[in-house]
Amino acid sequence: TSTIFIFQEEYSMLNYSSNIKSRSLLKSNNKENQQTDQIEIKAKSCNTLDDGIKDAIKTATRKNRSKQKINETDISKVVRFVSKQISASIELSSENKLAISSLYFVMTWFTDVLLYVPYLLIFSDVPGAGKSTFIEVAENLVYNPKTLSSFTRASLNIEASNNECTFLLDESDNAPLNQRDMMAILNSGNNRRAGGSLRAAKDEHGNYTKSIKTHAFGPKIIAGLNKDYPNTHIDRCLAVKIEVAKSHQYLDVYQRPAPKSYSKFHVFMKKFAEANKGKLLEILHKDICPSHEVFKNRSSDKFKPLFALIELSEDEKFKRIWRNRVIKYATSGEYKDKYQSLSDRFAETVENLLKEAKIQGEYVTTKELCDLLNAQPAEFKKEFANGFDFTGRKISCLLKPLDIRPTKFPPSNHRGYRVEDFS
């Protein structure tokens with residue numbers, strides 16, 4: 001009996017000691033992974049622990065896992081800083097538009113390693129939405145900004161050829177973007193390998209006997225009202241539509257705070273870009289765009305620099321969140337339905353007017369359509385006909401880009417349009 005008593009006492013002491021060890025492990029807050037693994041092994045091997053102690057050990061294990069350490073000079077911190085500066089002055093309607101704008105601002109510092117740069121189009125339906133304010137913010141955050149409200153083909157070529165810069169083109173709705181020479185420059189200015197412009201130059205005697213090849217390659221932020229921009233120009237843009245903020249409070253120029261000094265930011269970005277250009281170039285040569293059909297055409301070239309900047313970060317959470325924001329922007333109406341040309345708006349307005357007038361029949365004559373449009377307010381004529389009355393030729397020119405053409409219809413052979421063509 002004494003022998004049995006001794007064994008029972010030793011057995012109880014062993015159980016007591018095992019409980020003490022397990023509870024002492026709970027109280028330890030060591031963050032090393034080796035001791036964390038030992039805690040998990042002890043929890044599995046000790047049968048005397050109840051469920052509450054096991055759950056406590058698992059909780060302690062999760063707390064002891066080492067967090068990802070992010071470098072202070074990681075690009076995630078740079079992008080978030082830029083995003084904060086934009087949102088402090090401009091209220092965009094979604095985080096996706098803010099992500100596109102922030103990444104584009106940072107992209108301008110890496111232009112010399114890019115072969116293709118998209119343009120950023122900032123537009124609104126009404127004045128006073130904040131387009132010019134957006135340009136003012138961009139002046140402080142992009143690389144070597146050149147702000148222009150009026151420009152010509154020669155001025156763009158000369159300025160871009162002398163030094164790499166970021167053009168901030170304000171009041172673009174009044175710029176001659178539809179001119180052939182200007183369209184040729186903008187259509188080739190986003191591709192480094194595209195052809196440039198050849199212009200005459202003077203020799204030492206003052207005679208135009210020489211020629212100079214110039215190229216307007218580089219990022220461009222274009223701001224203006226929602227007007228009839230060329231389709232080839234829109235195809236090269238990442239568009240961000242700005243609406244008047246609900247919490248808009250206008251401050252005149254004398255009430256606004258003095259602009260901040262971003263000289264330290266510029267010095268930092270030059271060093272940061274120089275140190276990371278090689279790594280970014282390696283990422284650009286990889287297949288990093290998502291497998292969505294949106295990124296299988298020219299859109300892949302437009303979005304790839306943004307995806308490459310995201311991949312440059314070591315912060316996995318930042319990469320996941322900001323990559324999803326760019327994908328949502330590209331696959332949603334914010335990108336696809338970003339812009340409505342003058343012809344599109346005119347056809348949509350005519351469709352609504354025909355429904356309001358309750359015009360019966362399959363056709364509407366050109367005379368009936370002119371009378372209906374000329375009866376509209378002066379603002380309508382100013383928007384679509386430069387303030388003049390509508391004529392058959394003017395209506396035909398507005399509808400020609402949509403392939404809506406007048407035709408003769410029986411039995412009177414009067415010229416007009418099919419009503420269904422406007423829907």
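This passage describes two strand sheets, a packed pair of helices and a few individual residues in a predicted model.

The first of the two sheets considered here is open and is built from five strands, which follow one another in the order E2-E3-E6-E1-E7 and pair in the parallel sense. Its edges are formed by strand E2, covering residues 145–148, and by E7, each of which pairs on one side only. From one strand to the next, the twist of this sheet averages 15°. Helix H5, which spans residues 95–107, packs on the sheet and touches E1, E6 and E7, and the direction of this helix makes about 135° with that of E7.

Within the five-strand sheet, strand E1 (residues 119–124) is paired with E7 in the parallel sense over five bridges, and a parallel pairing, again over five bridges, links E1 to strand E6, which comprises residues 220–225. Leu 120 illustrates both pairings, since this residue stands opposite Leu 238 in E7, while its bridge partner in E6 is Ile 221. Although E7 is an edge strand of the sheet, four of the five residues of E7 (residues 237–241) are buried, and the strand is therefore largely enclosed by the rest of the structure.

The second sheet is likewise open, but it consists of three strands in the order E8-E10-E9, and its pairing is antiparallel. Here the edge positions are taken by strand E8 (363–365) and strand E9 (407–409), each of which pairs on one side only. The twist of the three-strand sheet averages 60° from one strand to the next. Strand E8 and strand E10, the latter formed by residues 414–418, run antiparallel and are joined by three bridges; in this pairing, Val 364 has Tyr 417 of E10 as its bridge partner.

Thr 365 also belongs to strand E8. The relative accessibility of Thr 365 is 15%, and because the limit for a buried residue is under 20%, Thr 365 counts as buried. When residues up to four places away in sequence are left aside, the residues that Thr 365 touches are Phe 409, His 414, Arg 415 and Gly 416.

Turning to the helices, H11 (residues 298–311) and H12 (residues 316–331) pack with their axes 9 Å apart and at an angle of about 165°. Because angles over 145 degrees count as roughly antiparallel, H11 is roughly antiparallel to H12. The crossing of these two helices is right-handed. On the side of H11, the contact involves Phe 303, Phe 307, Ile 310 and Glu 311, which meet a set of residues in H12 that comprises Phe 318, Lys 319, Trp 322, Arg 323, Val 326, Ile 327, Tyr 329 and Ala 330. By residue class, the contact of H11 with H12 contains nine nonpolar and three charged residues, with no polar ones.

Beyond this helix pair, Ser 332 is located in the loop between H12 and helix H13 (333–336). With a relative accessibility of 22%, Ser 332 counts as partly exposed. The C-alpha atom of Ser 332 is separated by 9.9 Å from that of Asn 96, although the two residues are 236 residues apart along the chain.

Definitions and conventions. Residues are numbered from 1 along each chain as its sequence is written. This is a predicted model: local features need pLDDT of at least 70, side-chain atom pairs count only at pLDDT 80 or more; totals for chains, interfaces and linings use all residues. Side-chain values use heavy atoms; hydrogens and water are left out. Axes are lines fitted to C-alpha atoms, for helices over the stretch in contact, and angles run from 0 to 180 degrees between N-to-C directions. Angles under 35 degrees count as roughly parallel, over 145 as roughly antiparallel, 65 to 115 as roughly perpendicular and the rest as oblique. A crossing is left-handed if the near helix is turned anticlockwise from the far one by less than a right angle, and right-handed if clockwise. Contact means heavy atoms within 4.5 Å. Ala, Val, Leu, Ile, Met, Phe, Trp, Tyr, Cys and Pro count as nonpolar, Asp, Glu, Lys and Arg as charged, and the others, Gly among them, as polar. Two strands pair if DSSP finds at least two bridges between them. Buried means under 20% relative accessible area, exposed over 50%, partly exposed in between (1.4 Å probe, protein chains only).
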